[in-house]
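Visitor: I would be grateful for a close look at a single part of this model, set out in one connected account. Please begin with one residue and its surroundings, and then move outward.

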Amino acid sequence: MVLSAGDKANVKAAFSKIGGQAEEYGADALERMFTTYPQTKTYFPHFDLGKGSAQVKGHGKKVAAALVEAANNIDDIAGALSKLSDLHAQKLRVDPVNFKLLGQCFLVVVATRNPSLLTPEVHASLDKFLCAVGTVLTAKYR
Amino acid sequence: MVHWTAEEKQLIASVWGKVSVEQCGAEALARLLIVYPWTQRFFSSFGNLSSPTAIISNPKVRAHGKKVLTSFGEAIKNLDNLKGTYCKLSELHCDKLHVDPENFRLLGDILVIVLAAHFTKDFTPACQATWQKLVGVVAHALAHKYH
């Protein structure tokens with residue numbers, strides 16, 4: 001699955017519109033993921049996962065920053081996220097299926113917070129982008 | 001059998017009560033065909049699916065989307081017997097339509113996003129969780145008679 005020029009433009013434009021709210025989007029996506037897919041909480045036994053948790057907010061900020069970084073380096077996502085890819089392979093070892101779950105929640109967050117942004121075309125491009133990020137993060141698993 | 005809490009039933013009913021089955025159904029099916037273009041394989045008789053614009057305005061897509069979501073409405077009326085409700089449709093999708101059940105999961109995810117865009121902040125995490133559960137059990141019921 002390859003990101004077309006159109007996809008890249010859509011993703012860059014989307015993140016540009018999301019702008020400084022990316023951190024909130026990240027936190028919101030995580031909260032939704034933990035609520036909707038409780039099995040994802042198993043990766044965070046050391047976190048307070050209650051509503052408004054500062055740890056979840058902080059982690060959402062990290063996740064969002066990584067997505068923004070990937071969007072800003074969309075011609076070389078693997079390069080941009082190389083260290084994160086190592087981290088997930090060696091230390092975190094989050095099962096690959098979970099990246100799709102977080103991706104779904106991120107799209108839901110965009111839909112709830114900025115529905116006009118999520119045209120069918122942008123929806124398709126963002127979905128592809130999130131898949132690509134997941135693929136990069138799990139690329140070194142074995 | 002799937003267990004639904006009173007809160008979940010409430011969240012399902014309150015969302016469904018405000019949904020235009022025709023509009024949501026059309027949008028969900030169109031987005032499925034756009035976001036996951038390989039799903040177009042089931043709709044070669046639908047005419048022009050050559051671009052997002054063509055897909056969105058395609059009358060067969062709109063009609064079929066409405067049909068699919070109307071059927072979803074039946075599920076909501078029969079939350080305690082989804083397998084029974086979808087028994088015949090499951091057989092149809094397996095034996096005649098030859099649809100990989102993965103497609104039901106894809107459509108379910110798309111429907112959740114369509115609802116999220118429609119309801120925005122009212123589509124709370126609890127609401128999303130309930131609806132992801134619902135689309136998941138519907139997909140499961142539709143796959144149940146596969147052999």
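Guide: In this predicted model, His93(B) is buried, with a relative accessible area of 16%; the cut-off for that label is under 20%. His93(B) has its place in helix H6 of chain B, which spans residues 87–96. Leaving aside residues up to four places away in sequence, His93(B) touches His98(B), Val99(B), Phe104(B), Leu142(B) and Tyr146(B).

One of these partners, His98(B), deserves separate attention. His98(B) is found in the loop between H6 and H7 of chain B. Whereas His93(B) is buried, His98(B) is exposed, with a relative accessible area of 52%. The backbone of His98(B) has a phi near 55 degrees, a positive value in a residue other than glycine. Most residues other than glycine have a negative phi. Thr120(B) also has a positive phi, of about 40 degrees, although Thr120(B) is not a glycine. The position of Thr120(B) is the loop between H7 and H8 of chain B, and at 23% relative accessibility the residue counts as partly exposed.

Helices H7 and H8 of chain B lead to another part of the chain. H7 (102–119) and H8 (125–143) are included in what covers the buried residues of H1(B), together with H2 (21–35) and H4 (59–77). Which residues of H1(B), spanning 6–16, are buried? They are Glu8(B), Leu11(B), Ile12(B), Val15(B) and Trp16(B). These residues lie on the same side of H1(B), because they cover an arc of only 120 degrees around the axis. An α-helix has 3.6 residues a turn, so residues three or four places apart point the same way. The exposed residues Ala6(B) and Glu7(B) are carried on the face of H1(B) turned away from its buried side.

The wider setting in chain B comes from a record: an unreviewed UniProt entry annotates residues 3–147 of chain B as "domain: Globin". Over that span, the chain is 70% helix and 0% strand, with the end C-alpha atoms 26 Å apart. For chain A, UniProt lists residues 2–142 under "domain: Globin", again in an unreviewed entry. The span in chain A is 70% helix and 0% strand, and its end C-alpha atoms lie 22 Å apart.

Chain A offers a helix pair to set beside this account. The axes of H1(A), residues 5–18, and H7(A), residues 120–138, come within 9 Å and cross at roughly 95 degrees. That angle makes H1(A) roughly perpendicular to H7(A). From H1(A), the contact is made by Gly6(A), Asp7(A), Asn10(A), Val11(A), Ala14(A) and Phe15(A). From H7(A), the contributors are Glu121(A), Val122(A), Ser125(A), Leu126(A), Lys128(A) and Phe129(A). The residues of this contact divide into six nonpolar, three polar and three charged.

Phe129(A), found in helix H7 of chain A, is buried, with a relative accessible area of 0%. Not counting residues up to four places away in sequence, Phe129(A) touches Leu3(A), Val11(A), Phe15(A), Leu67(A), Ala70(A), Ala71(A), Ile74(A) and Ile77(A). Phe129(A) and Val2(A) are 127 residues apart along the chain, yet their C-alpha atoms are separated by 9.0 Å.

Conventions:
Residues are numbered from 1 along each chain as its sequence is written. Chains are lettered from A and ligands numbered from 1 in the order in which they are written. This is a predicted model: local features need pLDDT of at least 70, side-chain atom pairs count only at pLDDT 80 or more; totals for chains, interfaces and linings use all residues. Side-chain values use heavy atoms; hydrogens and water are left out. Buried means under 20% relative accessible area, exposed over 50%, partly exposed in between (1.4 Å probe, protein chains only). Helices (H or I, at least four residues) and strands (E, at least two) are DSSP runs, numbered from the N terminus. The arc is that of the directions from the helix axis to the C-beta atoms. Contact means heavy atoms within 4.5 Å. UniProt positions are given in the numbering used here, feature names are shortened, and annotations may be inferred rather than shown by experiment. Axes are lines fitted to C-alpha atoms, for helices over the stretch in contact, and angles run from 0 to 180 degrees between N-to-C directions. Angles under 35 degrees count as roughly parallel, over 145 as roughly antiparallel, 65 to 115 as roughly perpendicular and the rest as oblique. Ala, Val, Leu, Ile, Met, Phe, Trp, Tyr, Cys and Pro count as nonpolar, Asp, Glu, Lys and Arg as charged, and the others, Gly among them, as polar.
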